[in-house]
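Work through the exercises below with the model at hand. Each task is followed by a stepwise solution.

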Amino acid sequence: KMLKEEDGVFPHPFIDPGAGYENNLWDWDSYWSAYALYGYCEYFKGRDCFDYEGTRAKVIAHAKGNLLNFFDLQEKDGFIAMVTTAHGLFSSLLKDEHRKGCKVNQHKPFLCKGVYNVSRYAGDFEWFDTEPLERYLKFYEDNQYDGKSGLFFWRNDQMIGIDNNPTVFGFPEDSVADIYLNSFLYTEYVAMEKILCERGQDGSVWALKAEQLKESIRRELYDVRDDLYYSGYIDVKTRKTEIFHHGLGVFWNSVPIKLRIWACFLPVMCGIATPEEGMRMLKKHYTDPAFCCEYGIRTLARDEKMYNTEKSSNPSNWLGAVWIVANYCTYRALLACGMRDEARKMIEKTVLVLGKDIEKNGAMSESYVPETGEPMMYGGFLNWDVLVIEMIGDYENGRTERLF
């Protein structure tokens with residue numbers, strides 16, 4: 001039921017996050033849903049009860065459809081809405097707001113990776129045009145990039161994926177160089193370069209952009225004293241020296257927002273941190289009981305003052321709740337540093353929390369209370385919860401190579 005056929009504003013088939021949603025096309029949800037289903041198909045390949053070829057073909061068609069729908073809905077300036085629904089208010093709301101000149105965050109940085117992943121899985125790099133990808137990246141560069149720090153920022157705190165991320169939520173517009181945003185934009189540049197190489201074209205300009213962004217992230221967002229990557233406060237609007245300021249003004253590019261969220265480990269997963277940094281970070285912070293719990297990783301460390309596990313749906317609660325996508329990304333970071341024992345424990349914790357939910361409620365949910373493993377919201381959720389199969393398959397087969 002995740003795999004939906006063309007409907008309303010969507011001329012192509014697409015993937016819904018699960019039973020809690022109806023005819024929604026979300027940016028990073030569609031990315032992780034497709035990625036998880038590739039792993040699902042490969043894990044059950046060869047089982048008598050599983051139609052591998054038929055299921056694989058359908059997953060590929062819907063994964064491509066996700067991206068083709070986004071391309072069809074793209075504005076002339078490159079803007080792509082984060083979420084669109086087949087019918088109703090959100091079928092055009094974000095696009096309409098953008099056209100009015102309102103500050104709207106565009107599609108989160110998962111478009112190029114989505115194209116690369118399905119193309120690699122299908123063995124076909126000729127089904128799409130690269131021009132929409134280039135315009136989408138240019139929109140980021142023209143509207144959400146700070147040249148002084150070399151980092152990207154959110155326009156505001158609406159629909160940023162980690163909905164109430166305390167390093168962004170409630171901050172002024174155009175002021176936060178989020179570690180999540182910049183880490184995944186780095187991998188977008190990497191993916192774009194690889195896409196062009198697969199098509200026999202020169203991708204060096206994108207490789208250079210990736211390297212420049214990596215250098216900015218390492219320079220501005222890595223805290224040597226804490227051994228951790230943080231988001232940074234930049235506030236591009238307040239860099240002018242006032243009439244009374246005749247001495248040293250603000251000459252620094254960013255100020256670290258020192259809150260420990262799960263995304264602090266993304267530079268390890270994404271290949272931005274060095275292996276030595278990654279090992280130190282994970283041993284010092286991931287293994288801290290304030291972060292690590294029986295069911296995986298808390299999305300906000302328990303000893304932060306914003307820590308809160310009340311149920312919330314809009315914004316969804318990332319102030320400590322266990323989300324399977326955070327477990328997965330941390331698992332990838334652990335593997336990248338060769339910490340296989342800890343990676344296996346993360347698989348076991350993820351199986352535990354999802355298994356308890358299935359046994360008790362007959363379904364998986366979108367997020368969980370870290371102290372009890374009880375569901376927090378949206379039963380019937382599949383989406384990135386299915387990544388647990390990718391984790392198991394990877395570990396059992398000793399695979400460690402995963403670009404994204």
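Angles under 35 degrees count as roughly parallel, over 145 as roughly antiparallel, 65 to 115 as roughly perpendicular and the rest as oblique. The model is predicted: local features need pLDDT of at least 70, side-chain atom pairs pLDDT 80 or more, while totals for chains, interfaces and linings use all residues. Residues are numbered from 1 along each chain as its sequence is written, and side-chain values use heavy atoms, without hydrogens and water.

**Exercise 1.** Classify the crossing of helices H4 and H6.

Step 1. Helices are DSSP runs (H or I, at least four residues), numbered from the N terminus. H4 covers residues 111-122 and H6 residues 179-198.

Step 2. Axes are lines fitted to C-alpha atoms over the stretch in contact (heavy atoms within 4.5 Å), and angles run from 0 to 180 degrees between N-to-C directions. The two axes come within 7 Å and cross at roughly 40°.

Step 3. H4 and H6 are therefore oblique to each other.

**Exercise 2.** Describe the setting of Ser-30.

Step 1. Ser-30 belongs to helix H1, residues 27-43.

Step 2. Its relative accessible area is 5%, so Ser-30 is buried (under 20% relative accessible area, 1.4 Å probe, protein chains only; exposed is over 50%, partly exposed in between).

Step 3. A polar atom of the Ser-30 side chain lies 2.8 Å from the backbone oxygen of Trp-26.

Step 4. Beyond its neighbours within four places in sequence, Ser-30 contacts Leu-25, Asn-66 and Phe-70.

**Exercise 3.** State how enclosed helix H12 is.

Step 1. In H12 (residues 387-396), 8 of the 10 residues are buried, so the helix is largely enclosed by the rest of the structure.

Step 2. These buried residues pack against H1, H10 (324-336) and H11 (340-361).

How values were computed: Helix = DSSP H or I, 4+ residues; strand = E, 2+ residues; numbered from the N terminus. Polar contact = N/O pair within 3.5 Å; in protein donor to acceptor, adjacent residues only side chain to side chain.
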